[in-house]
Amino acid sequence: MESRYNPAEIEEKWQAAWDAQGLDQTLENPSKPKFYALSMFPYPSGNLHMGHVRNYTITDVIARVQRMRGYRVLHPMGWDAFGLPAENAAIDRGIAPAKWTYQNVAQMRAQLKRLGLSYDWNREVTTCSPDYYKWTQWIFLQFFQAGLAYQKEAAVNWDPIDQTVLANEQVDSEGKSWRSGAKVERRLLKQWFLKITDYAEQLLQDLNQLDGWPERVRLMQENWIGKSTGAEVVFKTEAGDDLTVYTTRPDTLWGATFMVLSPEHPLVDKLTTPAQSAAVAAYKAEAAGKSEIDRTAEDREKTGVWTGSYAINPVSDEKIPVWIADYVLMGYGTGAIMAVPAHDQRDFEFARKFGLKVKVVVQPEGETLDGDTMTVAHAGEGVMVHSGPLDGIPAGKGAGQSVEAAVKWLEANGKGKGTANYRLRDWLISRQRYWGCPIPVVHCPSCGTVPVPDDQLPVTLPEQVEFSGRGPSPLAKLEDWVNVPCPSCGEPAKRETDTMDTFICSSWYFLRYPDARNESAAFDPAKTNDWMPVDQYVGGIEHAILHLLYSRFFTKVLRDRHLLNFDEPFKRLLTQGMVQAAAYKNPVTGKYIAPADIADLSDPRDPATGDRLEVVFEKMSKSKYNGIDPKDVLEKYGADTARMFILFKAPPEKDLEWDDADVEGQFRFLNRVWRLVTEFQASGAKPQGSGELTKPEKDLRRAIHTAIKEITEDLEGDYQFNTAVSELMKLSNALNDAPCKESPVYAEGIETLLALLAPFAPHIAEELWHLLGHADSVHHHAWPVADPEALVVDEIPLVIQIMGKTRGTIQVPAGADAQTLEQLATESELAQRYIEGKTIKKVVVVPGKLVNFVVQ
């Protein structure tokens with residue numbers, strides 16, 4: 001056996017051996033408790049980056065520890081494989097999206113295997129594979145049958161040059177198409193939605209169950225759902241049409257002096273008078289070209305046009321003008337608002353600009369406000385005035401009395417009703433693209449929208465497709481694929497050509513892993529209910545809202561379809577921090593400079609301008625020239641060192657700063673462990689028990705069991721892998737310094753070190769474990785358990801102070817009382833040096849800590 005630590009050789013050897021043994025396959029043993037450890041699966045871009053390495057290493061340590069603790073563990077991996085990048089690759093490189101995707105999957109799978117991650121590859125899922133998306137389509141039809149999937153017209157980003165719909169991420173900050181550079185327009189198009197709003201209250205309330213989630217993630221979801229309470233009020237137009245508004249301040253209805261509709265509101269055309277039609281049409285066209293962000297920006301000047309019509313304020317019967325303005329969005333609330341300019345700053349600015357009436361209905365105690373002379377809106381507390389039945393009631397968002405009184409009055413008089421509203425909107429899932437899961441419905445002139453029967457799933461993507469990036473979805477151009485008989489009546493009909501948002505695929509993948517090879521169902525409920533919920537989910541904070549919210553929604557819908565028996569998919573969530581590295585930035589130009597282009601890194605300067613560069617730690621990226629390729633690290637140091645560094649450098653939820661010196665430090669540590677174990681094995685020591693342990697043996701045994709206790713605690717609750725690695729180093733040092741290398745305690749320490757190291761650095765631990773003569777894998781060894789007796793300290797250091805100044809320590813029995821401590825301290829050689837020949841005026845004893853002599 002080679003005496004030098006050679007990571008490349010042993011890692012390749014053990015990865016092949018574990019694969020052949022099926023070491024990481026999931027144990028289906030119902031007598032054992034289960035543990036489901038899951039990392040968020042990646043998009044197969046083809047290249048593993050350090051963020052991936054961090055995420056997957058964290059989950060792997062958790063999975064390995066739980067196996068050693070006697071759990072049956074499910075630890076799978078798969079690929080979130082549909083999406084725009086593959087289609088762009090088809091356009092740019094002339095390669096089929098499927099071919100590009102599967103090449104990348106193969107490449108990334110090989111990279112993951114090099115890290116020694118204990119995945120059960122028999123359960124791998126790939127969302128673009130027909131054997132997976134067949135069940136994505138089946139689940140979509142479950143939503144359709146439950147009345148939770150529907151089509152309606154909605155605004156989309158439209159590229160007028162490429163004649164295609166763009167996703168939000170394809171529109172730049174100036175509102176231009178990423179490919180053609182054209183100014184993007186907003187158009188109405190028939191789109192598919194899932195009715196997530198039906199589950200808004202459950203999604204909000206059940207956040208209370210998620211005490212294993214970071215508080216900030218729960219808060220982000222709560223804010224995204226955005227519940228508010230108020231009232232729904234119906235204003236009648238002069239023509240008798242209903243304009244429904246939702247307001248959180250129904251108490252201010254008596255101060256509503258005009259209404260504002262979204263330019264897209266269906267009643268705008270009917271309300272527009274001939275005299276106003278040209279102005280309204282021009283304004284609608286202008287608004288169609290603006291993004292939602294532009295339209296709702298707080299600081300932009302208010303614009304709007306009067307429709308020429310009036311509505312009736314239902315509480316005062318006053319005629320109030322109806323305007324349109326682009327800051328009101330059709331997708332939020334009802335697309336219509338009542339404007340109370342005296343008490344809302346946005347309404348106030350609009351009213352002042354267009355000369356509209358400002359009526360005060362809330363007045364600060366002891367003051368009189370005049371709507372004609374106000375310079376800003378009064379949005380604060382006060383007392384109701386000019387409000388009929390509410391006059392004199394305390395008002396304001398905090399007071400609540402006026403809002404409650406207003407709701408009561410509205411309901412009693414049939415003018416409105418108290419209700420809750422949510423910021424959450426229904427989920428638009430239509431994508432006018434090829435590389436996504438086809439929506440399994442057929443549009444029939446006679447039967448309407450008809451679901452594809454289960455026995456005809458999957459609706460597969462055709463392969464002979466032309467990609468230009470222009471015009472409608474490539475699917476819409478395939479006549480043979482589009483034109484099919486109606487599944488219901490047999491008459492000529494057309495397939496749906498939209499594909500699904502890729503978030504659909506990732507909203508249920510965790511339910512497939514427990515039964516990944518099932519060809520007759522999405523999953524066997526018995527198996528999935530057995531393994532779910534996921535015990536530990538690990539992934540980036542960027543998925544805190546959408547992916548996690550959609551997964552929770554899917555779980556609740558499938559529960560209500562009697563396929564699942566739990567409410568929440570992820571019991572515990574860990575959002576790992578980013579991996580950052582030093583980047584060199586020119587503070588004058590804002591440009592990043594590649595380290596290779598800098599002459600002297602100790603005095604970094606821009607080679608073009610001579611400006612001194614700032615050294616900043618930022619998320620690794622090509623554009624900042626600070627990426628570290630995992631392949632380079634693995635080739636130089638091996639997977640175990642990469643894993644140890646990633647775990648040691650920072651707590652898992654914090655950002656991690658890459659440092660080559662710290663990587664070297666972990667490599668040196670593993671080399672020390674290698675020497676420690678190989679020297680012990682080479683010594684041929686045959687440890688003999690000799691009854692009572694000596695003091696060095698007791699000290700070493702305490703160090704061993706302290707390490708077990710501390711590392712076990714670090715791997716429970718809030719994972720602290722960094723301090724666990726520190727404890728491994730302490731134990732290694734204690735073994736290195738121990739004088740009792742022939743003792744059974746030393747042999748226990750060597751084996752314990754390897755068992756504790758195994759989840760962190762699995763290859764070196766396995767190699768050394770077998771070197772010690774074990775036939776079975778260290779990963780099948782039971783996780784060490786601390787012996788409380790070994791932790792008991794016989795002696796402790798006692799600080800000796802003279803006149804409050806520390807002079808040193810002496811060893812004393814751990815449980816000694818104050819009287820004994822004073823006697824031992826007084827008699828000690830250390831104290832005698834300072835108190836001999838002096839008068840002791842006072843002795844202060846702090847049991848277990850110190851003895852202080854006050855002398856004259």
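This report describes a pair of helices and a four-stranded sheet in a predicted model.

## The helix pair H23 and H24

Two packed helices are described by the angle between their axes and the distance between the axes. Helix H23 covers residues 744–757 and helix H24 covers residues 762–771. Their axes come within 8 Å and cross at roughly 150 degrees. Angles over 145 degrees count as roughly antiparallel, and H23 and H24 are therefore roughly antiparallel to each other. The crossing of H23 past H24 is left-handed.

Which residues in H23 meet H24? They are Glu751, Leu754 and Leu757, and on the H24 side the residues are Ile764, Ala765, Leu768 and Trp769. Sorted by class, this contact has six nonpolar residues, no polar residues and one charged residue.

## The four-stranded sheet

The sheet is open and its strands follow the order E32-E31-E34-E33, with mixed pairing. Which strands stand at the edges? They are E32 (805–813) and E33 (840–846). Each has a single partner strand, so one side of each is left without a neighbour in the sheet. From one strand to the next, the twist averages 20 degrees.

Strand E31, residues 795–802, pairs with E32 in the antiparallel sense, over eight bridges. In this pairing, Ile796 stands opposite Val812 in E32.

## The helix on the sheet

Helix H26, made of residues 818–827, packs on the sheet. H26 touches E31, E32, E33 and strand E34 (850–855). The direction of H26 makes about 115 degrees with that of E32.

Methods:
Residues numbered from 1 in each chain as written. Predicted model: local features only at pLDDT ≥ 70, side-chain atom pairs only at ≥ 80, totals over all residues. Heavy atoms only, no water. Axes fitted to C-alpha atoms, helices over the stretch in contact; angles between N-to-C directions. Helix = DSSP H or I, 4+ residues; strand = E, 2+ residues; numbered from the N terminus. Parallel < 35°, antiparallel > 145°, perpendicular 65-115°, else oblique. Left-handed = near helix turned anticlockwise from the far one by under 90°. Contact = heavy atoms within 4.5 Å. Nonpolar A, V, L, I, M, F, W, Y, C, P; charged D, E, K, R; others polar. Pairing = 2+ DSSP bridges.
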